[in-house]
Amino acid sequence: MSFFLAYFAYMKIGIVCYPTFGGSGVVATELGKALAAKGHHIHFITYNQPVRLNFFDANLYYHAVYVPNYPLFQYPPYELALASEMVKVARYQALDLLHVHYAIPHASAAFLAKQILLTQGITVPVVTTLHGTDITLVGKDPSFEPVVTFSINQSDGVTTVSESLKQDTYAHFDVKKDIHVIPNFIDLERFRRQDKGHFKMAICPQNEKLLVHTSNFRKVKRIQDVLHVFAEVRKKIPSKLLLVGDGPERASMEMLSRELDITQDVRFLGKLDAVEEVLSTADVFLMPSESESFGLAALEAMACQVPVVSSNVGGIPELNIDGFSGFTADVGDIAAMVRHTLHILADENLPTFRAQALARAETFELSKILPQYEALYAQVLEKAR
Ligand code: GMT
């Protein structure tokens, strides 16, 4: 077997990510799980057990990063503890490569780890996946920009989750590297429309239409638009709204729903593990984000046959095809989003949009995307020899 094929068949990969409900952590965890299912050994290195890694699998490992406390540390140096853990895992588990998700601070910690390993005679190439706000929001802030630029340029392989994010990266940073676009993916075994009639009945006892939004409730998600769209749709068609997730905007959005006098038809469900169960009951998914590099939550909805009404920013139009899997509109264009939602909800249109949403989701099926990562790993390893 050639060197290339040997790596392609079996690799030991360290995955660094945020372990929380955020999109980048979900993508990293699902990627690791899928690679492990193919026989690769996957070592997660992060400060908590990733949320979707709550079971045993012989090919999956979790290495916790501990940041020692000391009275001098107003800002505990997580990045240094992370780099140290990467060095230890790479060395003692004989990792072939490190794949870090979300540039800050993972890409610069990986650079540091790689340099330390080199002094020990160990070469471990680094692949960095840029997910969105690490480029479009936080990353380009002058407090981080030089380090982000440097660490992207020092990575052995760089990916973005959409063409739009690739262009944003070149626009905002002096990046010389070739960027590979590898979009978010979906496991259609898990995300499929299930029969949840009893749940739908409990939420929509009069057979009302059901609108859903899921996010981490950050400003960038424009949840106020979700509420305004719903308030208008509800005037025309009996409907309910479910909001899944939690975050900084939740309290003010609960207040806004009271001001709009829609509380009796809106439920804030908080964070849920089995979001596919809620999506299985939904008729339209709303994603009015101000910025969105891909829109994984919309892909999850589409896989459950829920058409999407979204804004047209960033990478969303690469996923949600206007007039097919749903509709897109300018950020903040409530009137257009209301019009589109009402169009989809019409009984004669809904079945077609449902089928088309699923058809679109199928193009992002896990088995189509996973080989793209494996091919990049093989290419990076080949170069590092
Ligand atoms: O905004 C989020 O939901 C979290 C954020 C993250 O990095 O944790 O998500 C980003 O990465 C996701 C996975 O690649 C993308 O699907 C989201 O579009 C992206 N969010 C933004 O660009 C705002």
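The exercises below, each with a worked solution, deal with a pocket, a helix, the cysteines and some backbone angles of a predicted model.

Residues are numbered from 1 along each chain as its sequence is written, and side-chain values use heavy atoms, with hydrogens and water left out. As the model is predicted, local features need pLDDT of at least 70 and side-chain atom pairs count only at pLDDT 80 or more, whereas totals for chains, interfaces and linings use all residues.

**Exercise 1.** Describe the second largest pocket by its volume, its lining and the elements that supply the lining.

*Solution.* Begin with the term: on a 1 Å grid over the protein atoms alone, a pocket is an open set of points with protein on both sides within 12 Å along at least five of seven lines, and lining residues have an atom within 4 Å of a point. The second largest pocket has a volume of about 180 Å³, where a volume is the space filled by probe spheres set on the points, which are joined across faces, edges and corners.

Next, list the lining, which consists of Asp156, Gly157, Val158, Lys177, Asp178, His180, Leu376, Gln379, Val380, Lys383 and Ala384. The elements that give two or more residues to this lining are β6 (157–160) and α16 (366–384), helices (H or I, at least four residues) and strands (E, at least two) being DSSP runs numbered from the N terminus. Of the elements, α16 gives the most, with 5 residues.

Finally, sort the lining by type, which yields 4 nonpolar, 3 polar and 4 charged residues; here Ala, Val, Leu, Ile, Met, Phe, Trp, Tyr, Cys and Pro count as nonpolar, Asp, Glu, Lys and Arg as charged, and the others, Gly among them, as polar.

**Exercise 2.** Compare the span of helix α3 with the expected value, and identify what covers its buried residues.

*Solution.* Helix α3 (residues 78–92) has 15 residues and reaches 21 Å from its first C-alpha to its last, close to the 21 Å expected at 1.5 Å a residue; the expected span is 1.5 Å times one less than the number of residues.

The buried residues of α3 (buried meaning under 20% relative accessible area, exposed over 50% and partly exposed in between, with a 1.4 Å probe and protein chains only) include Tyr78, Leu82, Glu85 and Met86. Their cover includes the strands β1 (12–16), β2 (41–46), β3 (60–64) and β4 (97–101), together with α4 (103–119). After α3 comes Ala94, with a positive phi near 50 degrees.

**Exercise 3.** Explain why Cys204 forms no disulfide.

*Solution.* A disulfide is a pair of cysteine sulfur atoms within 2.5 Å, and a search of the whole structure finds 0 of them. For Cys204, the closest cysteine sulfur is that of Cys304, at 16 Å, which is too far for a bond. Cys204 counts as buried, at 2% relative accessibility.

**Exercise 4.** Examine the backbone angles around the start of α4 and at Gln305.

*Solution.* Most residues other than glycine have a negative phi, and most peptide bonds are trans.

Tyr102, in the loop between β4 and α4, has a positive phi near 80 degrees, and at 13% relative accessibility Tyr102 counts as buried. A cis peptide bond with omega of about -10 degrees joins Ile104 and Pro105, and Pro105 lies in helix α4.

Gln305 also has a positive phi, near 65 degrees. Its place is in the loop between α12 (296–303) and β12 (308–311), where Gln305 is partly exposed, with a relative accessible area of 25%.

Note on methods: 1 Å grid on protein atoms, 1.4 Å probe; cavity = no way out; pocket = protein on both sides within 12 Å on 5 of 7 lines; lining within 4 Å. Contact = heavy atoms within 4.5 Å.
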